[in-house]
Amino acid sequence: MVVYAAQGDPRRSMALLWRTESPDAERPGPKPGLSVGLIVETAIAIADAEGMAGLSMRAVGDRLGRTAMALYTYVPSKSELVDLMYDTALAELPAAYDGDGWRADAARWAEDLWDFYLRHPWVLQVSQARPVLGPNEYVVLEALVKILRRTGLRPTALRRLVSALYSCVREPARTASEARLAEKVTGQSDDEWWYARSAHLKEVSPDFAERFPTLTWMESEHAFRMEDETVSYLEQEAREAFEFSLAVILDGIEVATKAE
């Protein structure tokens, strides 16, 4: 399920994100007991527990003991709500890294983003094709660019590295989060799924080793064996892919800095 952010009214969305509009201002009559912050916090809790599929204005209203219509005074629609959720959640990430060097700080930035994605897997459903353009989104980006600027590489190279590092974290994190949800959604454990299908591979492809000799060689060398049997194979593989690709990118940056 892909959710495209920034689909609401641009002026209202940007005003809410950057807090130039105050929908919580005093109104005549009794205090309403709602705020944009409370609505967004509640929506994040729902998405954390149920994913984007469980998120709706009605679901948020129900949890707050209000109707969906009562929320529209504060947040015009679900589109603006998703924008606010996304940017609000990003506030959990550090605004700056001032450690022992750019490489250590870049690794910490990536680790923090990995942990963030697994805490809030619904964030991975928000497409990067239409960025939210909220303040916290820029804070996270600014933190990374500040780290990479210390390498001395040119701005064009930094832009490319930013994209590479985000992808290095985001895609394996997506696989890991999906692996965690698989049994809950399908009702079938990893072991049940793999054993049921791998057993039939021998039937449908008795010449598997001849058709796929390189994969067979990797299997014979135990390349697909994982150490922790309590964690799903795909989650472990995703974590290894993240760590390996991050190290390769950081190694490449070091080589590039020496070539400058």
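**Close-up 1. Glu at position 227 and the negative surface patch of the predicted model.** In this predicted model, E227 counts as exposed because its relative accessibility is 83%, which lies over the 50% cut-off for that class. E227 is located in the loop between α11 (213-220) and α12, and it belongs to a surface patch of negative charge that also gathers E183, D191, E192, D228, E229, E237 and E240. Two helices, α9 (190-204) and α12 (233-259), each contribute at least two residues to this negative patch.

**Close-up 2. The nonpolar surface patch formed by M14, W18, L133 and Y138.** These four side chains, M14, W18, L133 and Y138, make up a nonpolar patch on the surface with an area of about 360 Å². Within this group, Y138 is placed in helix α7, whose residues run 135-149, and Y138 is classed as partly exposed because its relative accessible area is 41%. L133, another member of the patch, is found in the loop that lies between α6 (102-119) and α7, and with a relative accessibility of 34% L133 likewise counts as partly exposed.

**Close-up 3. Positive phi values at A6 and L133.** Most residues other than glycine have a negative phi. Against that background, A6 is modelled with a phi near 55°, a positive value in a residue that is not glycine, and L133 has a positive phi of about 65° although it, too, is not a glycine. A6 is found in the segment that precedes α1 (10-17), whereas L133 is found in the loop between α6 and α7. A6 counts as partly exposed because its relative accessibility is 36%, a value that falls between the 20% and 50% cut-offs; L133, at 34%, is also partly exposed.

**Close-up 4. A182 in helix α8 and its contacts.** A182 is found in helix α8, which comprises residues 155-186, and A182 is classed as partly exposed because its relative accessible area is 25%. When neighbours within four places in sequence are left aside, A182 is in contact with G187 and Q188. A182 and M14 are 168 residues apart along the chain, and their C-alpha atoms are separated by 35 Å; M14 is one of the residues that make the nonpolar surface patch of the second close-up.

Methods. Residues numbered from 1 in each chain as written. Predicted model: local features only at pLDDT ≥ 70, side-chain atom pairs only at ≥ 80, totals over all residues. Heavy atoms only, no water. Helix = DSSP H or I, 4+ residues; strand = E, 2+ residues; numbered from the N terminus. Buried < 20%, exposed > 50% of the residue type's maximum accessible area, 1.4 Å probe, protein only. Patch = residues over 30% accessible without salt bridge, like charges linked within 9 Å, V, L, I, M, F, W, Y side chains within 5 Å. Areas by Shrake-Rupley, 256 points an atom, 1.4 Å probe, with all protein chains shown as cover. Lys, Arg positive; Asp, Glu negative; His and termini not counted. Charge placed at Lys NZ, Arg CZ, Asp CG, Glu CD. Contact = heavy atoms within 4.5 Å.
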